[in-house]
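Let's take a friendly walk through the salt bridges of a protein model. Have the viewer ready, and follow the side chains as we go.

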Amino acid sequence: MAENGHSTDLEKQMLLLQDHEEKHFMSSEIVRDIILGVSDGLTVPFALAAGLSGAEVPSSIILIAGIAEVAAGAISMGLGGYLAAKSEADHYAKELKREQEEIIAVPDIEAAECAEILSQYGVEPHEYEPVINALRRNPQAWLDFMMKFELGLEKPDPMRALQSALTIAFSYIVGGLVPLMPYMLIPVATKALLASVVLTLLALLIFGLAKGYFTGNQPFKSAFQTVLIGAIASAAAYSIAKLFQQA
């Protein structure tokens, strides 16, 4: 009878999980890479083009310099994303090996660490002892538990480094081409600059709203901050170029 009752409870729990759908956003790493790539892509070439426009350089030269910067920036940002993700994976592998060795060499100490972790969640000794015993019978589950709850490490995706590099680089290119588009169509740099300012600030506004929505922040506050940063960067570059031109 007890077994039947336990089985019924498990079935009820499974049905509850099937009926309940939590609306959590799970692709935070990809969103972070897109935000990093697009925000830098919109801001850096925008500031460069504004600075060169302030120096009264022809649109063709600004376009060439801008495309070169976008290419170099995409490679640099993508490589940075790759190295960061690779370092994270290497760190996880190193800690995983160390934790495996500790579970084999000093299982009692690891069990005591499990008890300490569970007690921090308000679990009493008579409640967590069966859990620890169950973990000791399943070394892989024990290892996963310690990696997650003792070290706070999640197993990285094997393709994460390459995915991060490509996502950041592509996002940078997409963002970087926005402020350069007017220079492709308008030969006079001063007129192209005005169009670039309007187009880029509009893109920053839309990007800021989207960033705020996906990250759970206030969309309008995020949009204002994003536009403000882009405007300050371009204004600073334009002013510096004008200052050196007059010197």
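A residue counts as buried under 20% relative accessible area and as exposed over 50%, with partly exposed in between. Keep these cut-offs at hand, and keep in mind too that this is a predicted model.

Across the whole structure, a search turns up five salt bridges. Let's visit some of them, beginning with Asp33 and Arg160, whose side chains meet with an N to O distance of 2.8 Å. This pair links distant parts of the chain, since Asp33 sits in helix α2 (residues 28–54) and Arg160 in helix α7 (residues 160–185), 127 residues apart. Both Asp33 and Arg160 are buried.

Next, turn to helix α3 (residues 59–105), where Glu95 and Arg98 are three residues apart and therefore separated by about one helical turn. Glu95 forms a salt bridge with Arg98, and the closest N and O atoms are 3.5 Å apart. How do the two partners fare in accessibility? Glu95 has 12% relative accessibility, so it counts as buried. Arg98 has a relative accessible area of 39% and is therefore partly exposed.

Our last stop is the salt bridge between the side chains of Arg136 and Asp108, at 3.1 Å from N to O. Because Arg136 lies in helix α5 (residues 125–137) and Asp108 in helix α4 (residues 107–120), the pair ties together parts that are 28 residues apart in sequence. Arg136 is partly exposed, because its relative accessibility is 35%. Asp108, with a relative accessible area of 55%, is exposed.

Definitions and conventions
Residues are numbered from 1 along each chain as its sequence is written. This is a predicted model: local features need pLDDT of at least 70, side-chain atom pairs count only at pLDDT 80 or more; totals for chains, interfaces and linings use all residues. Side-chain values use heavy atoms; hydrogens and water are left out. A salt bridge is a side-chain nitrogen of Lys or Arg within 4 Å of a carboxyl oxygen of Asp or Glu. Helices (H or I, at least four residues) and strands (E, at least two) are DSSP runs, numbered from the N terminus. Buried means under 20% relative accessible area, exposed over 50%, partly exposed in between (1.4 Å probe, protein chains only).
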